Amino acid sequence: MAHELRHMLRDDDVNHEEQKQILKLAEKFRLNRFYARPFEGPQAVAVIFDKPSTRTRSSFSIGVAELGGYPLVIDKSSSQLGRGEPVADTARVLTRMAYGIVWRTFGQDRVEEMAKYATCPVVNALTDQFHPCQVLADLQTIAMHRGGVDALAGQTIAYVGDAANNMANSYLLGGATAGMNVRVSGPQGYLPDPQIVADATRIAEANGGSVLVTTDPKEAVADADCVFTDTWVSMGEEAEYAIRSKPFWGYQVSDELMSYAKSDALFQHCLPAYRGKEVTPSVIDGPQSVVWDEAENRLHAQKALLTWLIAWQREDPSLLGELA
């Protein structure tokens, strides 16, 4: 009898110890791209895109192949989902053929409905509310540079910019799950959903971390171990950049803002980045930037996540190897 299904729809779908398992597995994959091949066959994983993508498409397509599987990449424009077929119907069809479903889409309700009707693990590859795969890669990147996965708890991370977006939400939940001190800063009117802040605060307290939401970017960055930002304008809103970016100029990650963080603080950005806007070229292209490690780690973290989910479903811990 197969184990209860697990999905990754938002960052707190795993607990502290489970997150550590996934991150340690990600490091195994970083050191050996073919550490495990749970989709040998090849078994198909459906990778669906309702939004444009570079890193997510590349990392999941290559990742599934390296796990021994077949990445069935489906674009919205070439599927019935794009023509209004119910999500439940798509889920019922795909899960009779595929061993996993990865979806980059809009509303969180869409991946939740897919998971409701799926009989295989469903992974949120980005929604308007959360981006859990990105945060796993970001945590792996900090671990690479700061003493490993066990050293994450107690570190301070700061996110500045549009704090009402999916990245801010995921840093809150993912960082809290890791037991970190999570600080999020944005202008009034662009702060996180209070319910997500409440969830993150509860999780952080259980894991020895903390949560701070502030409109003062210097307060957020003070003595931080890692500083994050994201584009100020989401996909599809580029034409409105001049208007939408106005509230955020005080939150640009510059050398001056980085000077408030620890002297060896890391800088991360989920990319694509707009130099001279949310971050200055001197920061993103400077010695504290680890954005290329971060981008590469999308591959390793997502392979680890897929392997962990399928090992859980199959009740086969041998797929994880030795994670001590």
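At what angle do the axes of helix H3 and helix H4 cross? In this predicted model, the axes of helix H3 (residues 87-94) and helix H4 (residues 108-117) cross at roughly 45° and come within 8 Å. The two helices H3 and H4 are therefore oblique to each other, and H3 passes H4 in a right-handed crossing. On the H3 side, the contact is made by Val-87, Ala-88, Thr-90, Ala-91 and Arg-92, while H4 brings Arg-110, Glu-113, Met-114 and Tyr-117. Sorted by class, the contact of H3 with H4 has five nonpolar, one polar and three charged residues.

Two further helix pairs can be described in the same terms. Two packed helices are described by the angle between their axes and the distance between the axes. For helix H1 (residues 16-31) and helix H12 (residues 291-314), the angle is roughly 125° and the axes come within 8 Å. H1 and H12 are therefore oblique to each other, with H1 passing H12 in a right-handed crossing. From H1, the residues that take part are Glu-18, Gln-21, Ile-22, Leu-25, Ala-26, Phe-29 and Arg-30. They meet a set of residues in H12 that includes Glu-296, His-300, Ala-304, Trp-308 and Trp-312. Nine nonpolar, four polar and four charged residues make up the contact of H1 with H12.

The other pair is helix H5 (residues 132-145) with helix H6 (residues 166-177), whose axes come within 9 Å and cross at roughly 55°. That angle makes H5 oblique to H6, and the crossing of H5 and H6 is right-handed. Here Pro-132, Gln-134, Val-135, Asp-138 and Leu-139 of H5 meet Met-167, Ser-170, Tyr-171 and Gly-174 of H6. The residues of this contact divide into five nonpolar, three polar and one charged.

Attention now turns to the sheets. Strands of a sheet pair through backbone hydrogen bonds, either parallel or antiparallel. An open sheet of four strands runs in the order E2-E1-E3-E4, with parallel pairing. Strand E2 (70-75) and strand E4 (122-126) are its edge strands, and each pairs on one side only. From one strand to the next, the twist of this sheet averages 20°. Between the edges, strand E1 (residues 44-49) pairs with strand E3 (residues 101-104) in the parallel sense over four bridges. For a reader following the chain on screen, one bridge to look for joins Phe-49 to its partner Arg-104 in E3.

A sheet of five strands is also present, again open, with the order E7-E6-E5-E8-E9 and parallel pairing. Strand E7 (210-214) and E9 stand at the edges with a single partner strand each, so one side of each is left without a neighbour in the sheet. The twist in this sheet averages 15° from one strand to the next. Strand E5 (residues 156-160) and strand E8 (residues 226-229) are paired in the parallel sense over three bridges, and Ala-158 has Val-227 in E8 as its bridge partner. Helix H6 packs on this sheet, where it touches E5, strand E6 (181-185), E7 and E8. The direction of H6 makes about 165° with that of E6. H6 thus appears in two settings, meeting H5 through residues such as Met-167 and Tyr-171 and packing on the sheet.

Several local details of the backbone are worth a look. The peptide bond from Gly-41 to Pro-42 is cis, with omega near 0°, and Pro-42 is placed in the loop between H1 and E1. Another cis peptide bond joins Leu-271 and Pro-272, with omega about 5°. Pro-272 is found in the loop between strand E9 (266-269) and helix H11 (281-284). Leu-126 has a phi near 140°, a positive value in a residue other than glycine, and this residue lies in strand E4, one of the edge strands of the four-stranded sheet.

Finally, there are the charged side chains. The structure holds 18 salt bridges. One of them is formed by the side chains of Arg-10 and Asp-12, at 2.7 Å from N to O. Another links Asp-199 with Arg-202, at 3.7 Å from N to O. Both Asp-199 and Arg-202 lie in helix H7 (residues 194-207), three residues apart, about one turn of the helix.

Methods. Residues numbered from 1 in each chain as written. Predicted model: local features only at pLDDT ≥ 70, side-chain atom pairs only at ≥ 80, totals over all residues. Heavy atoms only, no water. Axes fitted to C-alpha atoms, helices over the stretch in contact; angles between N-to-C directions. Parallel < 35°, antiparallel > 145°, perpendicular 65-115°, else oblique. Left-handed = near helix turned anticlockwise from the far one by under 90°. Contact = heavy atoms within 4.5 Å. Nonpolar A, V, L, I, M, F, W, Y, C, P; charged D, E, K, R; others polar. Pairing = 2+ DSSP bridges. Salt bridge = Lys/Arg side-chain N within 4 Å of Asp/Glu carboxyl O.
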